[in-house]
Amino acid sequence: MALNLIMLGPPGAGKGTQAERFATAKGIPRISTGDILREAVQAGTELGKRAKAIMERGELVSDEIMIGIVRERLARDDVRAGFILDGFPRTVPQAKALDGIMAGRDPLIVLNIDVADEELVRRLTTRMICKECGTNAAVEDAAVPGSRCKKCGGAMVQRADDSVAVIIARLKTYQRDTKPLVNFYGARPTYRSVNGAQPPDQVAADLIAAIAAVSKTAPSGAHA
Ligand code: AMP
């Protein structure tokens, strides 16, 4: 059965870190819609020009654009053994469109990472990412000035949307538009939620256990 995973959870829950870890371990692509948009902003493409101001306000890029990006990405050959979507879907219309894209494929495994708001603000205000490759600094290393990326040696910077004002806007956007996905997916046999307020190794172990448990319940080739 293909490992078709989506990661749900608020900004700062650790979706990116966990998705990257799991994707590397399993040899499946991690598809981060945030990374795709940041690359477009950096490259100055038409998409990047449209997305920049929206991202800086902590709001969401339109469903139409995001669904188009993901539809095209999931049509590529490298997702045959599975994929891990990080940051998509973020709205109910995106989730409904994804169900359409997934018709006839192995079911989606839906993983929610749960973390309280106070902890999210703390993590987001202290995190830094590599300017070159996008890797997050471990929270405990993030505040060290002049620190370099452990993966590629690039400069560590704060994300443009990790200022307190934008973080508050992003958390509001999450509550309004994305949290309803917990209800949308919650009743499916392939849905699991894990406690994200634990050390990253423990979160990773819980996610692996959750994936193993739902893989046993999921019928191959059918829609969950
Ligand atoms: P992320 O790196 O997932 O936190 O995404 C950064 C920003 O990109 C978000 O705050 C949104 O502005 C935008 N974005 C990423 N994914 C989506 C999506 N699926 N739908 C709409 N906007 C998105």
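Contact here means heavy atoms within 4.5 Å. Helices (H or I, at least four residues) and strands (E, at least two) are DSSP runs, numbered from the N terminus.

This is a predicted model, where local features need pLDDT of at least 70, side-chain atom pairs count only at pLDDT 80 or more, and totals for chains, interfaces and linings use all residues. Residues are numbered from 1 along each chain as its sequence is written, and side-chain values use heavy atoms, with hydrogens and water left out.

**Exercise 1.** Work out which residues of α5 are buried and what covers them.

*Solution.* Start with the cut-off: buried means under 20% relative accessible area, exposed over 50%, and partly exposed in between (1.4 Å probe, protein chains only). In α5, that picks out Q94, A95, A97, L98, D99 and I101. Next, look at the cover, which includes β1, α4, β3, β4 and α9. Finally, check the N-terminal end of α5: T91 caps it, with a side-chain oxygen 3.1 Å from the backbone nitrogen of Q94.

**Exercise 2.** Find the polar contacts that the side chains of T33, R90 and Q94 make with the ligand.

*Solution.* A polar contact is a pair of N or O atoms within 3.5 Å; within protein, one must be able to donate a hydrogen and the other to accept it, and residues adjacent in sequence count only if both atoms are side-chain atoms. Take T33 to begin with: one of its polar side-chain atoms sits 2.8 Å from a ligand nitrogen. For R90, a polar side-chain atom is 3.0 Å from a ligand oxygen. In Q94, a side-chain N or O atom is 3.0 Å from a nitrogen of the ligand. Then zoom out to helix α2 (residues 33-43), which gives the most to the shell around the ligand, with four residues.

**Exercise 3.** Describe the surroundings of F83 in the largest nonpolar core.

*Solution.* A nonpolar core is a set of buried Ala, Val, Leu, Ile, Met, Phe, Trp, Tyr and Cys residues joined through side-chain atoms within 4.5 Å. The largest one has 27 residues, and F83 is among those with the most contacts inside it, along with L74, L85, L98, L108 and Y185. Now list what F83 touches, skipping residues up to four places away in sequence: L3, N4, L5, I28, P29, I31, L74, M102 and L108. Apart from this core lies another, of 23 residues, including F22, I84, L207 and A210.

**Exercise 4.** Is R73 buried or exposed?

*Solution.* First, place R73 in helix α4. R73 counts as buried because its relative accessible area is 11%. Leaving aside neighbours within four places in sequence, R73 contacts P29, I31, D78 and V79.
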